[in-house]
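Biologist: I would like to learn how to read some features of a model like this one, going slowly from one to the next. Could we look at it together?

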Amino acid sequence: MGANSSSISELPENEYLKKLSGAEPISENDPFWNQLLSFSFTTPTNSADLKLLEEATISICKSLVEKNPRTGNLGSLIKVFLSRTKELKISAECQNHLFIWQAHNALFIICCLLKVFISRMSEEELQLHFTYEEKAPGSYGTECEDLIEELLCCLIQLIVEIPLLDITYSISLEAVTTLIVFLSCQLFHKEILRESIIHKYLMHGRCLPYTSRLVKTLLYNFIRQERSPPPGTRVFQQQTDGGGLLYGIASGVATGLWTVFTLGGVGSKPTPHLEQCSPLANQSLLLLLVLANLTDAPDTPNPYRQAIMSFKNTQDSTAFSSSNPHAFQINFNSLYTALCEQQKSDQATLLLYMLLHQNGNVRTYVLAQMDIESLVLPILEILYHVEERNSHHVYMALIVLLILTEDDGFNRSIHEVILKNITWYAERVLTEISLGSLLILVVIRNIQYNMTRTRDKYLHTNCLAALANMSAQFRSLHQYAAQRIISYTCRHLRRYVYVLDKLYFPHSHCSTLQHCFSTLSDNGEELLSLTCSHILRSYASSLFSLLSKKHNKVLEQATQSLRGSLGSNDSPLPDYAQDLNVIEEVIRMMLEIINSCLTNSLHHNPNLVYALLYKRDLFEQFRTHPSFQDVMQNIDLVITFFSSRLEQAGAELSVERVLEIIKQGAVALPKDRLRVSAQDLVN
């Protein structure tokens, strides 16, 4: 490289890089290193330029892989870097730009080379390349066998001990990036690495005492969101604020690792590129997530995960447990603020999930916050824009909600928080709505999207579980939220009858029900006509009487008959046949949710009763259905009780008058008449 190269196209012919990868051994004391490390390189900041870099340097890297066993030049380069890092702290205090600049450049080259080495060889082969010295071909050094451990330990020390200044920002970023690249070995293995050499060094020996300090520093890097310093204050010049070449390289590496560790490498729609205001914060978070998800060693648990599980608030004066040497304290208020502000990135949502799931101190603190909407609203916005997010982000956001809704205090408090003008909710203008009602609307929208598009049972099961957790604490539901609960349940009741119609009458190509259901819009908002309602009642009466005898046996026979009509036992069943169990599960869960709300907070939710009465004809058809009869008892009782009071009040009632009668009736209805459901008994 040296001072002569300023662009990617010049790298293959750079005399210094050719010498580094050549057949001539270079001593660590050779003046060559000062020449090699004195470069100002305009680094690429996008994937196209990164690909060009790899293509331009591939011949150099291949040559080094081939020649290094005889020259040991990789080890010499690492030793040069290690020797220069010993004075980094003093250099930072003395503003020694030149010294820091060359140390950064050395690490820059090491990181680029490591990425290629790791992608092309096993850890055992990589370890051998760290032991080669300037000796006869194939000979090994003895005093530098732990050069990998020394480099790893040096990088950790650099991260936790070097003060973060404008002149040290870049080298701190490259140190974090290099650790990520070291851990990228997992990307090139189909199975989970359980006995990794790199993992062993990080979890034992010289690196272990730095565990809590490293986790704490990475967390504070995420919290502070320090921006990349302007070009004039860096130790080397760059043309953009993108964070440098290695930032781009390791972003891709770490994102891939995130996928492997969290979802087993399953592909999905990529997240749109988000502008990173702080490359160091982003890289620190990625490294923290990778460290926390390393596999436990055979003889000891992952110390980085232990540190994340046990850290406490700086205001917590209780003593640390002696069983966990990696515990530390951090400012929870600053951490909470950062988590609220950074939820647009999937890695920040994953961190939030990890902390809520694994650290009881953080979970207790979050649930006690008076401004819980600051955290919940960004999560809801992620779920609302499900079409634009990747599946990883949606799953994590949903699980975060599921964890939060396990707390009764949270479920009560969200109905007390009143929001105004939710601009990102496009289906209806919401000038004023409680946080709880908004949460219900977004979750139901996700269930509907999943049932019509992705058809992921895991997703809709967890959405329904979140609603079920909240149902006993529903308070003053917004009328639109109440309508959506009932209308969504009705939509699936209709769909259920339609599927049964297709199963029992598979040869009816022009089913009246099919025609009726074609009148429904994609989002399920439009109601069926009165004619369709009449047909539904007619079919429901005959079908449900049949089902009440031998429900499962009849469905099995219908399914076999349908397969026979398709002409082959191997022919896949139509979607409506495959969906029957899913639809039945959704219906039952929605009825349980409505039932739980009526049982526990009837007098708090007149809008829900109003919506239920509006659709009473459809619910009445299911009162004797064998699959739903038990959960329909309370719903049927409420419909009968309030219908009677409305009939006594006369005809032509206004909406306001109906709601007034409902409120009066809710006080008059004896609570002991409502049967406690099995779901409530479990809760």
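Biologist: At what angle do the axes of helix H11 and helix H14 cross, and within what distance do they come?

Modeller: Please keep in mind throughout that this is a predicted model. The axes of H11, which covers residues 211-224, and H14, which covers residues 303-310, cross at roughly 60° and come within 9 Å. The two helices are therefore oblique to each other, since roughly perpendicular begins at 65 degrees. As for the hand of the crossing, H11 passes H14 in a right-handed one.

Biologist: Which residues make the contact between H11 and H14?

Modeller: On the side of H11 they are Thr-211, Leu-214 and Val-215, while H14 contributes Pro-303, Tyr-304, Ala-307 and Ile-308. Sorted by character, the residues of this contact divide into six nonpolar and one polar, with no charged residue.

Biologist: Let us turn to the backbone. What is notable about the phi of Gln-225?

Modeller: The general idea is that most residues other than glycine have a negative phi. Gln-225 is not a glycine, and yet its phi is positive, at about 50°. Gln-225 sits in the loop between H11 and helix H12, the latter spanning 245-263, and it counts as partly exposed because its relative accessibility is 23%. Another case is Asn-421, also a residue other than glycine, whose phi is positive and near 50°; Asn-421 is found in the loop that lies between strand E3 (418-420) and strand E4 (432-434).

Biologist: How many aromatic pairs does the structure hold?

Modeller: A pair of aromatic rings is described by the angle of the planes and the distance of the centres. The structure holds twelve such pairs. In one of them, the rings of Tyr-16 and Phe-32 have centres 6.1 Å apart and planes at 40°, so the pair is tilted. This pair links distant parts of the chain, with Tyr-16 in helix H1 (residues 15-20) and Phe-32 in helix H2 (residues 32-36), 16 residues apart.

Biologist: Are Tyr-16 and Phe-32 buried or exposed?

Modeller: Tyr-16 counts as buried at 15% relative accessibility, and Phe-32 is buried as well, with a relative accessible area of 2%. The pair of Tyr-395 and Tyr-458, by contrast, is edge-to-face, with 5.3 Å from centre to centre and 90° between the planes. This pair also links distant parts of the chain, for Tyr-395 belongs to helix H19 (residues 391-404) and Tyr-458 to helix H22 (residues 457-471), 63 residues apart. At 18% relative accessibility Tyr-395 counts as buried, whereas Tyr-458, at 43%, counts as partly exposed.

Biologist: Which residues form one aromatic cluster?

Modeller: The cluster is formed by Phe-311, Phe-328, Phe-332, Tyr-336 and Tyr-365.

Biologist: One last residue, if I may. Where is Arg-84 placed, and which residues does Arg-84 touch beyond those up to four places away in sequence?

Modeller: Arg-84 is placed in helix H4, which runs over residues 73-85, and at 13% relative accessibility it counts as buried, the cut-off being under 20%. Leaving aside residues up to four places away in sequence, Arg-84 touches Trp-33, Asn-34, Leu-37, Phe-99, Gln-102 and Ala-103. With Ala-103 the separation can be given in two ways: the two residues are 19 residues apart in sequence, and they lie 6.1 Å apart in space, C-alpha to C-alpha.

Conventions:
Residues are numbered from 1 along each chain as its sequence is written. This is a predicted model: local features need pLDDT of at least 70, side-chain atom pairs count only at pLDDT 80 or more; totals for chains, interfaces and linings use all residues. Side-chain values use heavy atoms; hydrogens and water are left out. Axes are lines fitted to C-alpha atoms, for helices over the stretch in contact, and angles run from 0 to 180 degrees between N-to-C directions. Angles under 35 degrees count as roughly parallel, over 145 as roughly antiparallel, 65 to 115 as roughly perpendicular and the rest as oblique. A crossing is left-handed if the near helix is turned anticlockwise from the far one by less than a right angle, and right-handed if clockwise. Contact means heavy atoms within 4.5 Å. Ala, Val, Leu, Ile, Met, Phe, Trp, Tyr, Cys and Pro count as nonpolar, Asp, Glu, Lys and Arg as charged, and the others, Gly among them, as polar. Buried means under 20% relative accessible area, exposed over 50%, partly exposed in between (1.4 Å probe, protein chains only). Rings of Phe, Tyr and Trp (its six-membered ring) pair if their centres lie within 6.5 Å; planes under 30 degrees apart count as stacked, over 60 as edge-to-face and the rest as tilted.
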